[in-house]
Amino acid sequence: MTPEAMLDVAYDEARKGLAEGGIPIGAALFSADGELLGSGHNMRVQLDDPSIHGETSAFRNAGRQTDYRSTIMATTLSPCWYCCGLVRQFNIGALVIGDARTIVWGHPELAELGVKITVLDDDRCFDMLNQFIADKPHLWNEDIGVAE
């Protein structure tokens with residue numbers, strides 16, 4: 001499976017989140033051979049739970065794995081520090097990132113630690129999130145921990 005195809009799964013998840021009234025960030029965890037292990041989207045708004053980011057949702061939906069080093073996490077946005085911690089804690093081996101223009105968190109540091117980073121600079125991810133930010137800046141600020 002190509003990085004673009006992996007990102008398509010994450011993008012579809014982000015669209016689901018947007019349709020539910022939430023923040024449009026999606027993610028998917030894949031095995032090294034491209035098998036989808038789990039996908040999910042940010043559900044902070046829908047479930048009133050600040051811990052359910054796109055990456056954590058995909059991670060939870062993938063279930064237990066014996067080793068994460070060969071897994072690939074595709075995400076529509078450069079992962080926040082919280083989600084970078086997830087990647088680091090479980091030694092996820094690679095990240096496919098759709099949008100690293102809107103905001104950049106810790107993926108450069110993850111690269112320094114040996115995580116393979118692929119930034120696709122996908123206009124769909126950028127456009128969807130930035131339209132959301134324009135429409136609902138209060139929810140975006142809440143999500144990134146910025147007081148208005």
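**Exercise 1.** In this predicted model, find which residues of helix α4 (residues 81-89) are buried, and work out why they lie on the same side of α4.

*Solution.* Start with accessibility, taking buried as under 20% relative accessible area. By that cut-off, C83, C84, L86 and V87 are the residues to pick out in α4. Next, look down the helix axis: these four cover an arc of only 150°, which puts them on the same side of α4. The spacing fits a general rule: an α-helix has 3.6 residues a turn, so residues three or four places apart point the same way.

**Exercise 2.** Now name elements that cover the buried residues of α4, and say which residue with a positive phi follows the helix.

*Solution.* Turn to the surroundings of the buried residues. The cover includes two helices, α3 (54-62) and α5 (107-112), along with the strands β3 (72-77) and β4 (94-99). Then step past the end of α4: N91 follows, with a positive phi near 55°.

**Exercise 3.** Describe how strands β1 (residues 26-30) and β2 are joined, and decide whether β2 (residues 36-41) is largely enclosed or open.

*Solution.* Begin with the pairing: β1 and β2 run antiparallel and are joined by 5 bridges. To get the register, place A28 opposite S39 of β2. Moving to the connection, you will find a hairpin with 5 residues between the strands, and G34 in the turn has a positive phi of about 90°. Finally, check burial: 5 of the 6 residues of β2 are buried, so the strand is largely enclosed by the rest of the structure.

**Exercise 4.** Put these elements in the context of the annotated domain.

*Solution.* An unreviewed UniProt entry annotates residues 1-117 as "domain: CMP/dCMP-type deaminase". That span is 38% helix and 21% strand, and its end C-alpha atoms lie 16 Å apart.

How values were computed. Residues numbered from 1 in each chain as written. Predicted model: local features only at pLDDT ≥ 70, side-chain atom pairs only at ≥ 80, totals over all residues. Heavy atoms only, no water. UniProt positions renumbered as here; feature names shortened; annotations may be inferred. Buried < 20%, exposed > 50% of the residue type's maximum accessible area, 1.4 Å probe, protein only. Arc of directions from axis to C-beta. Contact = heavy atoms within 4.5 Å. Pairing = 2+ DSSP bridges.
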